[in-house]
Amino acid sequence: FGSSFGLVPTFIVRSPQLSSSSMPAMEEINGKRQKTVLALRTQLFINNEWVDAKSGKTFDTINPADETKIVAVQEAGKEDVDLAVAAASEAFKTWKDTDGSTRRNLLLKLADLVEEHKTRLAEVESLDNGKPKHVAHDVDLGFVVECYRYYAGWADKVGGKVIRPTQNTSSTFCFTWHQPVGVVGAIIPWNFPLLMQAWKLAPALAMGCTVVMKLSEKTPLSGLLMCDLIKEAGFPAGVVNIVNGYGPTAGDAIARHPDIRKVAFTGSSAVGHRIVEAAGQTNLKKVTLELGGKSPMIICKDADIDQAVTACHIGLFINMGQCCCASSRIFVQEDIHDAFVAKVVSMARRLRSQGDLTSETDIPICDLGPQVDKMQFDKVLGYIEAGKKDGAKVALGGGRLGNKGYFVQPTVFTEVKDDMKIAREEIFGPVMQLLKFKTLEEAIQRANKTHYGLAAGICTRDVGTALAAAKDLEAGTVWINCYDNFDLAAPFGGYKESGWGREKGEYALENYTEVKCVMMPMDSKH
């Protein structure tokens, strides 16, 4: 993260406007285009219009920093999803045939609008999700802008290829078209709301698909702000439709809808199983899944310890540990174990939390906010207690931070064993587990002994060792001497129960296209 957007917070933003009244992103004043503050939205965005849920139901979204209600948001059900899918289906009839340059320019315009409203978007992301404002602004929003611009570049470059047949080679013309898959159902998580929205929308729109997206019920507000920008950018009605709601109702309706051709989901492995079942029981729609992880990080005795400590610190504490690829199982070779523990605990001790922007710290993008809600807060504290009960040693933290908001102390466990609950299950919080190992072969075997396979890492100064380990680690991404080094051109996805398919990069385009093969004889009559 830090390599792209810097480590120093640069913006302090004003208090959020809580009005849900209609307010355009830009307005004309004396013939000049003026930026206005994006108003909070609480409705559903269907066919480029703001509408209430048909049931009249709402749910509250909560500020995790102080546990107070922010606003009530409309709760979509099956009837609302049906309307959104109908709008997307109608829009697809013409959107699929738009010029690549048209889609490119619309995505570039959207990226420009996001950049113009970056401070407001970060402000609301922080309010609803809990992450510090400067992290939302400098990290999340930076990647969001880059994502829309990156896929704008692909919109006019994907087509197909000419194939040379093995039979009748000289008299047959064979080629492929890559065509948009159709209406896409997208279901995104709460840990990186705007970024996960961009990871789904940008490649789907670039390829000519239309989208019905369900935002997480925990963090709907920043994703809703984007709808005004999508409309202002010029996307036609029905191309993007955004609903708020719960998984068992709105999410299930998307997964089972017969007119949705593809579902893209990011979230837990348990829910991923249910989406696959729903797709299989209905129209066998295509499914891509980016799911959970229990990612290992191996620290070899020849590693640069300071570099390794920094990598592990970023890998675990970024976003309060609420990251699917968090380096939550750190295997440290016994020769350097004690020195490594001392340094990693010292760095974690200097983490800032509860809005502190002045204390000395090492990596400001790792500043901690609260966990996203009480459910996650209680879950993380439960794992901490399980670690203590199973015999792991608390080297730092180990409980709640303060008495207001869902803040958890940055926690480091040592003397962790492979069979402990904290070493087997995804915690999704600022809780680091340190395990000893003797040989690299042993460490790799233990690292692979999990049903997850999202990411892994190794720190060593020997390039041969690093590449051999990267080959043997069963994970979709392996970081060497770094962690969480994301780039829009680099694919991301998991092995085993960590997912199907890949996000980001050129590989993500495959999620939103069908390959059509066309053959014809070259039977000239002249």
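This is a short chat about a helix pair, a sheet and two loop residues in a predicted model.

Me: At what angle do α8 and α9 pack, and how far apart are their axes?
Reply: About 45°, with the axes 8 Å apart. Here α8 covers residues 247-256 and α9 covers residues 269-281.

Me: Parallel or oblique, then?
Reply: Oblique, because angles from 35 up to 65 degrees fall outside both the roughly parallel and the roughly perpendicular ranges. The crossing of α8 past α9 is right-handed.

Me: Which residues make the contact?
Reply: From α8, it's Asp252, Ala255 and Arg256; from α9, it's Ile275, Ala278, Ala279 and Gln281. Sorted by class, that gives 4 nonpolar, 1 polar and 2 charged residues.

Me: Switching to the sheet with β8: what's the strand order?
Reply: β7-β8-β22, an open sheet of 3 strands with antiparallel pairing. β7 (162-163) and β22 (513-521) are the edges, each pairing on one side only.

Me: How many bridges link β7 and β8?
Reply: 2 bridges, with β8 running over residues 172-180. Isoleucine 163 sits opposite cysteine 174 of β8.

Me: Now the loop between β20 and β21. What's the phi of asparagine 481 there?
Reply: Near 60°, so positive in a residue that isn't glycine. Most residues other than glycine have a negative phi.

Me: And what about aspartate 484?
Reply: Its phi is positive too, near 55°, and aspartate 484 lies in that loop between β20 and β21.

Me: Is aspartate 484 buried or exposed?
Reply: Buried, at 0% relative accessibility. Asparagine 481 also counts as buried because its 18% is under the 20% cut-off.

Methods: Residues are numbered from 1 along each chain as its sequence is written. This is a predicted model: local features need pLDDT of at least 70, side-chain atom pairs count only at pLDDT 80 or more; totals for chains, interfaces and linings use all residues. Side-chain values use heavy atoms; hydrogens and water are left out. Axes are lines fitted to C-alpha atoms, for helices over the stretch in contact, and angles run from 0 to 180 degrees between N-to-C directions. Helices (H or I, at least four residues) and strands (E, at least two) are DSSP runs, numbered from the N terminus. Angles under 35 degrees count as roughly parallel, over 145 as roughly antiparallel, 65 to 115 as roughly perpendicular and the rest as oblique. A crossing is left-handed if the near helix is turned anticlockwise from the far one by less than a right angle, and right-handed if clockwise. Contact means heavy atoms within 4.5 Å. Ala, Val, Leu, Ile, Met, Phe, Trp, Tyr, Cys and Pro count as nonpolar, Asp, Glu, Lys and Arg as charged, and the others, Gly among them, as polar. Two strands pair if DSSP finds at least two bridges between them. Buried means under 20% relative accessible area, exposed over 50%, partly exposed in between (1.4 Å probe, protein chains only).
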